[in-house]
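Student: I'm new to this structure and would like a close look at one part of it. Could you pick the cavity that comes second in size and walk me through it, then show me how the rest fits around that picture?

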Amino acid sequence: MSLTFHWFLPTYGDSRDIVGGGHGVPIGTAGGARPASVAYLGQIARTAEQLGFAGALTPTGAWCEDAWLSTAMLTEVTERLKFLVAFRPGLLSPTLAAQMASTFQRLSGGRLLLNVVTGGESAEQRSYGDFLDKDARYARADEFLHVVRSLWRGETVDHDGAHVRVEGARLTRVPDPVPPVYFGGSSAAALPVAVRHSDAYLTWGEPPAQVAGKLDRVRGLAAEAGRELRYGIRLHVISRDTAEEAWAQARKLLDGIPEADVRAVQEGLRRSESEGQRRMLDLHGGSRDGLEVSPNLWAGFGLVRGGAGTALVGSHTEVADRIAEYHALGLDEFILSGHPHLEEAYWFGEGVLPILRRRGLWRHPAGDPAADAPATVPFSPQPVPARV
């Protein structure tokens with residue numbers, strides 16, 4: 001199976017520095033010089049599309065622009081790129097969510113992917129009018145997704161549950177194709193919901209041994225439920241022509257951040273209810289020392305932002321090697337990002353993806369563009385060799 005790569009749309013703004021946000025971290029903690037305009041996000045989306053990314057993840061939360069509206073606008077400035085829209089069950093009705101997804105599929109030509117986010121911070125959830133605790137939010141997501149998937153199958157749904165109630169719910173038009181559902185979560189409450197309703201289970205970028213253990217648990221639960229899932233991983237990336245250049249860039253991202261800012265972010269993140277966030281914090285312990293927690297896996301992002309906190313750092317070949325290592329564990333989808341997102345998309349797309357293509361691990365979604373073909377110089381008897 002060919003690997004699938006997705007990029008990221010920074011709907012909270014972008015910068016040459018790490019931009020904070022998410023899981024209790026206020027936006028702009030560590031920068032944010034490029035506003036999240038349609039023009040700039042469209043530039044990133046078109047770049048990702050041209051380079052061979054299949055889709056782009058858009059986050060959800062009070063700290064960023066709305067994912068549904070942002071991506072709906074960006075379908076007009078792209079042709080093929082799919083949008084992995086993060087949304088939170090419980091902040092809208094399941095019937096409305098199913099209808100919105102169906103409309104998005106028809107009007108975009110089938111370019112919607114859905115990332116279910118239950119919400120890891122009760123304080124933020126309460127600001128939206130949601131007063132359930134974490135375990136109850138997963139229980140609600142279970143009922144919510146049951147209703148949504150039933151509607152997508154064209155059924156008329158009556159459901160009277162602990163958290164979701166609908167009568168005679170039905171869609172006039174079902175989505176075609178049905179959007180794939182992506183689901184993360186590391187807690188005991190999250191995993192059963194993930195295996196019942198998701199098409200792809202996502203993990204944040206932990207060292208391979210930890211990822212392998214988590215995937216084993218999910219596979220076991222999925223087998224008990226009679227289901228087979230795809231598996232993906234969410235990572236940042238800093239890829240350069242040489243390892244020295246990549247690590248210099250990683251150090252530069254943290255060099256200008258005062259230690260007081262790091263402590264403030266870490267204090268906020270330690271209050272997070274997210275099990276995945278706790279696992280991210282455990283990788284670095286709030287210290288700048290020993291941030292390479294596995295070969296080419298750097299935990300520096302997690303010092304100053306919530307959510308995904310690790311990056312693949314190294315030469316293009318080293319990054320390709322680490323991706324192949326994760327793939328050997330059963331991961332087929334990679335959701336990547338980098339600061340700034342426009343330039344880092346080019347570094348990865350022009351540096352790493354050609355290596356993976358030559359290894360037979362990836363092919364461009366639009367075919368096989370001749371990006372690596374030798375350049376033809378006028379009046380030269382021999383073509384210029386392709387860059388390796």
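**A close look at the second largest cavity**

Tutor: Let's start with the walls. Three elements, α3 (94-108), β4 (112-116) and α5 (134-152), each give at least two residues to the lining of the second largest cavity. Keep in mind that this is a predicted model. Of the elements that build the lining, α5 has the largest share, with four residues.

Who are the lining residues by name? They are Phe87, Ala97, Ala98, Leu114, Val116, Phe144, Leu145, Val148, Trp152 and Val181. Sorted by class, that gives ten nonpolar residues, no polar ones and no charged ones. The space they enclose comes to about 40 Å³. How many cavities of 30 Å³ or more are there in the count? There are two.

A word on how such a space is found: rolling a probe the size of a water molecule over the atoms shows where empty space is left.

Now step back to the whole chain. Its secondary structure comes to 13 helices and 13 strands. The radius of gyration is 21 Å, close to the 21 Å that the globule rule gives for 388 residues, so the chain is as compact as a globular protein of that length. Along the principal axes, the C-alpha atoms fill a box of roughly 75 × 50 × 40 Å. Buried residues make up 56% of the 388 residues. And if you take the contacts between residues at least 6 apart in sequence, 73% of them join residues at least 24 apart.

To see contacts like these by name, go to Leu235 in strand β9. Is Leu235 buried or exposed? It is buried, because its relative accessibility is 0% and the cut-off for buried is under 20%. Leaving out residues up to four places away in sequence, Leu235 touches Gly205, Leu297, Thr310, Leu312, Tyr326, Ile335, Leu336 and Ser337. For a sense of distance, Leu235 and Tyr128 are 107 residues apart in sequence, and their C-alpha atoms are 28 Å apart in space.

Two of those partners deserve a stop of their own. Take Ser337, which is found in strand β13. Ser337 is buried too, with a relative accessible area of 1%. Its side chain makes a polar contact of 2.9 Å with the side chain of Arg234. Setting aside residues up to four places away in sequence, Ser337 touches Trp7, Phe8, Arg234, Leu235, His236 and Val237.

The other partner is Thr310, in the loop between β11 (297-298) and β12 (311-315). Thr310 counts as buried at 1% relative accessibility. What does the side chain of Thr310 reach at 2.6 Å? It reaches the backbone oxygen of Gly205. Among the residues Thr310 touches, beyond four places away in sequence, are Gly205, Leu235, His236, Met280 and Leu283. Leu297, Trp298, Ala299 and Phe301 are also on that list.

Follow the chain on from strand β13 and you come to the loop between β13 and α12, where Pro340 lies. A cis peptide bond joins His339 and Pro340, with omega at about -10°. Helix α12 covers residues 341-351, and its buried residues are His341, Leu342, Glu344, Ala345, Phe348, Gly349 and Gly351. Here's a handy bit of background: an α-helix has 3.6 residues a turn, so residues three or four places apart point the same way. What covers the buried residues of α12? The cover includes β1 (4-8), α1 (38-51), β9 (230-240), α11 (316-328), β13 (333-337) and α13 (353-358). So β9 and β13, the strands that hold Leu235 and Ser337, turn up again in that cover.

Finally, a few backbone details. Most residues other than glycine have a negative phi, and most peptide bonds are trans. Besides the one at Pro340, a cis peptide bond joins Asp176 and Pro177, with omega at about 0°. Pro177 sits in the loop between β6 (165-169) and β7 (181-183). Asn296 has a positive phi, near 70°, and is a residue other than glycine. You'll find Asn296 in the loop between β10 (292-294) and β11, and it is buried, with a relative accessible area of 7%.

Terms used:
Residues numbered from 1 in each chain as written. Predicted model: local features only at pLDDT ≥ 70, side-chain atom pairs only at ≥ 80, totals over all residues. Heavy atoms only, no water. Buried < 20%, exposed > 50% of the residue type's maximum accessible area, 1.4 Å probe, protein only. Contact = heavy atoms within 4.5 Å. Polar contact = N/O pair within 3.5 Å; in protein donor to acceptor, adjacent residues only side chain to side chain. 1 Å grid on protein atoms, 1.4 Å probe; cavity = no way out; pocket = protein on both sides within 12 Å on 5 of 7 lines; lining within 4 Å. Points joined across faces, edges and corners; volume = space filled by probe spheres on them. Nonpolar A, V, L, I, M, F, W, Y, C, P; charged D, E, K, R; others polar. Rg over C-alpha atoms; globule rule 2.2 N^0.38 Å.
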